[in-house]
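Student: I am new to this structure and should like a close look at a single part of it. Would you kindly take me through the sheet and the helices that lie across it?

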Amino acid sequence: MSQTKPVVLLAEELSPATVEALGPDFEIRSADGANRSELLSAIADVDAILVRSATQVDAEAIAAAKNLKVIARAGVGLDNVDIKSATQAGVMVVNAPTSNVISAAELTVGHIVAASRNIAAASASLKAGEWKRSKYTGVELFEKTAGIIGLGRIGALVAARLQGFGMNVVAYDPYVTPARAQQLGVKLLGLDELLGTADFITIHMPRTPETTGMISTAQFAKMKPSAFVFNVARGGLIDEDALYEALVNKTIAGAGIDVYVKEPATDVRFIELDNVTATPHLGASTEEAQEKAGIAVAKSVRLALAGELVPDAVNVAGGVIDENVRPGIPLAEKLGRIFSALASGERLESVELNVAGEIAVKDVTSLKLAALKGVFTDVVSDQVSYVNAPVLAEQRGVDYRLTTTEVSEDYRNQLTVSGALANGDQLSVAGTLTGPKQIQKLVGVFGQEVEIPLTEHLLVLKYTDRPGVVGTLGRALGEANVNIAGMQVSRADQGGDAVAVVTIDNALPEGVLEAVASAVEASTAREVNLED
């Protein structure tokens, strides 16, 4: 009796090379993922689904797929996949995070060349029947200074290509060591110094609450009037209204933009300006990038359905992991993200995961990888996976290690992420899983004991212990219309350092964190957003 082959659904048109990479071990079906009723019917009994950007794999689709084990997005973004619902259903989500790196780097360079020589505006003028050579006089790139904000994989590729033009390359990235920058032939600068020095500024950062709008009015004011800015990374890193004002007022000379806050970008004022080169999110739009993406996710699907470790899994680590260890993977990743949020831009020197309790006798390597993934998820421009996280640490000169002990005094099992910062500070964050439902709890911050369920939005404050602080904190948040879901306060000694961990319903509005910190005279105030 022959064994039934796993079923793989191709919900969008993918290359023959993608199908070839899947191999003969699967039953391949096709459907129009953009047709909702067709998708919900087709997905019901499949083991894996491959999509691009048109198919919405949301909670409804995941609930309809009773056998689904893998969702594979043949590309970098995952806006059309409900990762949270997939994780709750035990469905692995994979993508192709490195498929577009060369294409994105080349497009960045293309924008820089086009801006420096007014190519787009001159082309439009000539097509309109005009011949205005003097109007479109440009500048050479040779011996100019390029400033790269975010020296990850794409930033490094851009640096190498701009050096080929004879440009001086400087960069801002608090998570890159001077040794790594020297390998790349790049000089590290502070952000303000880079903004004031560079002739061409390109940004390659992840979009997080901290980086959204990181280039705005104040930053444009620091730039040369002859400077150009470029964003081929994520929409929203550059404040679009501030960019328009800077271009109209000649605060800067021009811009090249490929990504936008809202896409399709149909109502963006700066697109109409002559000193702007704008493209419709073409970073991954090359035949080569599309081919690489399809082949990469096909290989991931094969690994996942074989039960092996999947390097490009974004929500769960594949492979044979002990059933008692697996629930700790998302907790370890969240602890890593909290650790980085508390570090707040300070360069890391070391990271350690300590696993204490019953699971310490098992293979907990996956927990170390998850913690390291969490540490880098919100601070580097590269997409972070369980496999490349150690590489990112090594490139940035961050020592990392795993320690275990079978003794856990307060909990059945406890995970602690700790480490040292370049400024000499030591940080630690601890968590555990409790009860039959394995509720994730934060049980330690800054070396102080707390016990509070982990939620998507946290506020962590350190201040001098004294009467009235809790009331002041509550009033400050209430005046900002921020609802408190829970709070834990801990202190080592009366009158010494105290720590407050507050769970809130939503991310803080702009300016509220600073206002709250001032109200309670906090020495440290950090907002942590753990949304998927």
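Tutor: A helix is in contact with a strand here when heavy atoms of the two come within 4.5 Å. The model is a predicted one. An automatic or database assignment divides the protein into domain 1 (7-97 + 288-306), domain 2 (100-278), domain 3 (317-447) and domain 4 (455-531).

The part in question is an open sheet of six strands, ordered β14-β13-β15-β16-β17-β18, and its pairing is mixed. In general, the strands of a sheet pair through backbone hydrogen bonds, either parallel or antiparallel. At the edges stand β14 (399-405) and β18 (448-453); each has a single partner strand, so one side of each is left without a neighbour in the sheet. From one strand to the next, the twist averages 20°.

At the β18 edge, strand β17 (residues 439-445) runs antiparallel to β18, and four bridges join the two. Within this pairing, leucine 442 has isoleucine 452 of β18 as its bridge partner.

Two helices lie across strands of the sheet. Helix α13 (residues 328-343) lies across β13 (348-357), β15 (413-421), β16 (426-434) and β17. Its direction is at about 155° to β16. Angles over 145 degrees count as roughly antiparallel, so α13 is roughly antiparallel to β16. Helix α14 (residues 365-377) lies across β13, β14 and β15, and runs at about 140° to β13. Strands β13 and β15 are thus crossed by α13 and also by α14.

Technical notes: Residues are numbered from 1 along each chain as its sequence is written. This is a predicted model: local features need pLDDT of at least 70, side-chain atom pairs count only at pLDDT 80 or more; totals for chains, interfaces and linings use all residues. Side-chain values use heavy atoms; hydrogens and water are left out. Two strands pair if DSSP finds at least two bridges between them. Axes are lines fitted to C-alpha atoms, for helices over the stretch in contact, and angles run from 0 to 180 degrees between N-to-C directions.
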